[in-house]
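Q: Could you take me through one helix and the sheet beneath it in some detail? I'd like to hear what it packs on and how that part is put together.

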Amino acid sequence: MTREILIIDDEADIRMALSGILEDEGYIVREAANSQEALATIHARRPSLVVLDIWLNNSELDGIGILEAIKHDYNDLPVVMMSGHGTIETAVSAIKIGAFDFVEKPFKSDRLLLIINRAIELSELRRENERLKVSAAVQSSLIGNSAPVVQLQQALDKVAPTGSRVLITGPAGAGKEVVARQLHQQSTRSNGAFVALNCATMHPDRLESELFGTESKDEDGETSIRIGTFEQAHGGTLLLDEVADMPLETQGKIVRVLQEQSFTRVGGDVEVEVDVRVIASTNKDLQALIAAGEFREDLFYRLNVVPLVVPALVDRRDDIPDLIEYFMDLSAKTNGIPARPLAQDAMASLQAYEWPGNVRQLRNVIDWLLIMAPGEGDEVISAEMMPPDIGSISPSVSSGSAGQEDLMSLSLRDARELFEKRYLEAQIMRFGGNISKTSTFIGMERSALHRKLRTLGISTDRN
Ligand SMILES: Nc1ncnc2c1ncn2[C@@H]1O[C@H](COP(=O)(O)OP(=O)(O)OP(=O)(O)O)[C@@H](O)[C@H]1O
């Protein structure tokens with residue numbers, strides 16, 4: 001990642017000398033001679049560090065004033081102060097306001113470089129630490145070895161380092177955000193931030209200020225700035241989650257940002273340049289929305305440079321045991337209780353279930369089982385303990401009274417009837433008593449299922 005340093009000094013000679021030293025170190029250098037230029041450059045460029053002279057001629061604000069403005073709007077931006085006539089008091093007050101360090105002119109370039117490198121390293125470590133705290137709660141590697149997941153991982157490995165835009169599609173809860181995070185982590189931007197914005201949960205009126213930030217002036221004419229997700233993701237990756245829910249007008253603005261890599265904050269007029277990899281995700285059919293006039297075609301083609309499809313959990317049932325093990329350990333650690341093993345029949349029910357809410361639902365069910373299933377310690381969880389909407393799909397095992405031995409002692413007709421009874425009872429329980437869902441799943445007309453239930457004497461009243 002290239003780092004930019006802004007030198008603020010009214011003496012052109014000093015700026016030039018310093019620029020040379022810093023450029024030799026591999027930094028990109030920008031210069032400002034007064035507070036107006038300095039603050040405009042900071043707003044537009046978001047440098048990694050500022051070197052700031054305390055005494056400035058022809059400047060609205062002196063160095064301390066600029067330092068205060070920087071700490072107000074960009075608290076984590078490190079500032080190294082310099083002065084030709086430094087006094088202990090000014091140095092102390094600069095440090096109190098939040099300057100990283102203070103050097104006196106004339107300075108030795110080695111010492112200044114040491115301070116600058118240390119300041120940048122420390123601020124990057126701090127940011128990394130914040131990011132790790134945030135992402136610790138979120139899984140960022142794909143669990144599963146099924147063919148669809150292996151294929152997805154291979155595509156991901158190829159596209160991640162390219163920096164190309166990616167459109168991730170797949171049903172809700174299937175793991176689109178996990179894929180986006182992994183794209184970021186496997187990219188050359190992994191030291192930068194990963195920022196996700198859910199376009200569906202955000203009120204349309206607030207979406208643009210969230211994306212682009214805001215700029216407003218108070219009564220004294222002081223500008224106050226709130227940066228948006230594009231700026232937060234500068235040098236990193238921005239995930240536009242549920243992008244289909246973005247209003248058309250905002251879509252137009254995103255097209256422009258993708259073209260120019262710059263924008264203005266809401267209420268502002270400074271053009272802010274950013275270097276952001278944009279990834280989008282949706283569970284909707286964007287082509288259909290384009291046909292309906294609800295999604296801009298030009299945005300679709302800009303986002304859909306590389307499409308990645310995350311499969312539904314039912315299309316990769318083989319991964320369910322691995323996911324269960326992973327979520328069981330995670331939930332046990334989070335809740336501070338021992339993980340519990342699953343009996344074979346419990347595993348079979350979970351593997352046979354339809355998972356309309358995909359991996360997210362599976363994760364919730366494992367949390368629920370660990371906390372709510374009867375029994376204690378590391379006692380085995382059996383199929384009867386499943387939540388009602390999942391139920392047992394293995395009636396011969398779970399019902400006990402209709403085990404294989406029982407069936408073997410019956411005539412074919414009675415065995416079939418007993419099996420049908422247990423099977424239907426278990427399926428109805430699995431779908432929470434919902435006859436329509438049960439009939440769809442077992443492939444039987446609703447009216448025929450009702451007749452069958454009457455014949456078998458099965459009550460659908462769950463109370
Ligand atoms: N392959 C996976 N490995 C580990 N955890 C996963 C995997 N896929 C999904 N998860 C977990 O499942 C949950 C849902 O995943 P995620 O938020 O990525 O889904 P999504 O497709 O983005 O959902 P939505 O469309 O609702 O935004 C998260 O808790 C995530 O950690």
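A: H7 lies across S6, S7, S10, S13 and S14, and runs at about 165° to S13. That angle is taken between N-to-C directions, on a scale from 0 to 180 degrees, with axes fitted as lines to C-alpha atoms, for helices over the stretch in contact. Helices (H or I, at least four residues) and strands (E, at least two) are DSSP runs, numbered from the N terminus. Bear in mind that this is a predicted model: local features need pLDDT of at least 70, side-chain atom pairs count only at pLDDT 80 or more, and totals for chains, interfaces and linings use all residues. Residues are numbered from 1 along each chain as its sequence is written.

Now the helix itself. H7 covers residues 176-185 and is mostly covered, with eight of its 10 residues buried. Buried here means 20 or more other C-beta atoms within 10 Å of the residue's own; 12 or fewer would be exposed, anything in between partly exposed, and C-beta atoms are placed from the backbone. The buried set is Lys 176, Glu 177, Val 179, Ala 180, Arg 181, Gln 182, Leu 183 and His 184. These buried residues pack against helix H6 (147-159) as well as strands S6 (166-169), S7 (194-198), S10 (237-241), S13 (277-282) and S14 (306-309). Contact means C-beta atoms, placed from the backbone, within 7 Å.

On to the sheet. Those five strands form an open sheet in the order S7-S10-S13-S6-S14, with parallel pairing. S7 and S14 stand at the edges with a single partner strand each, so one side of each has no neighbour in the sheet. On average, neighbouring strands are turned by 20° against each other, direction ignored. Strands count as paired if DSSP finds at least two bridges between them; S6 and S13, which run parallel, are joined by four. One of the bridge partners in S13 is Ile 279, which sits opposite Val 166.

Ile 279 turns up again in the largest nonpolar core, which has 61 residues: along with Phe 230, Leu 238, Leu 240, Ile 324, Leu 362 and Ile 366, it touches the most other members. A nonpolar core is a set of buried Ala, Val, Leu, Ile, Met, Phe, Trp, Tyr and Cys residues joined through C-beta atoms within 7 Å. Helix H15 (residues 358-372) gives the largest share of this core, six residues. The core also draws at least three residues from each of domain 2 (144-311) and domain 3 (316-387), with bounds from an automatic or database domain assignment.

Definitions and conventions. Two residues are in contact if their C-beta atoms, placed from the backbone, lie within 7 Å.
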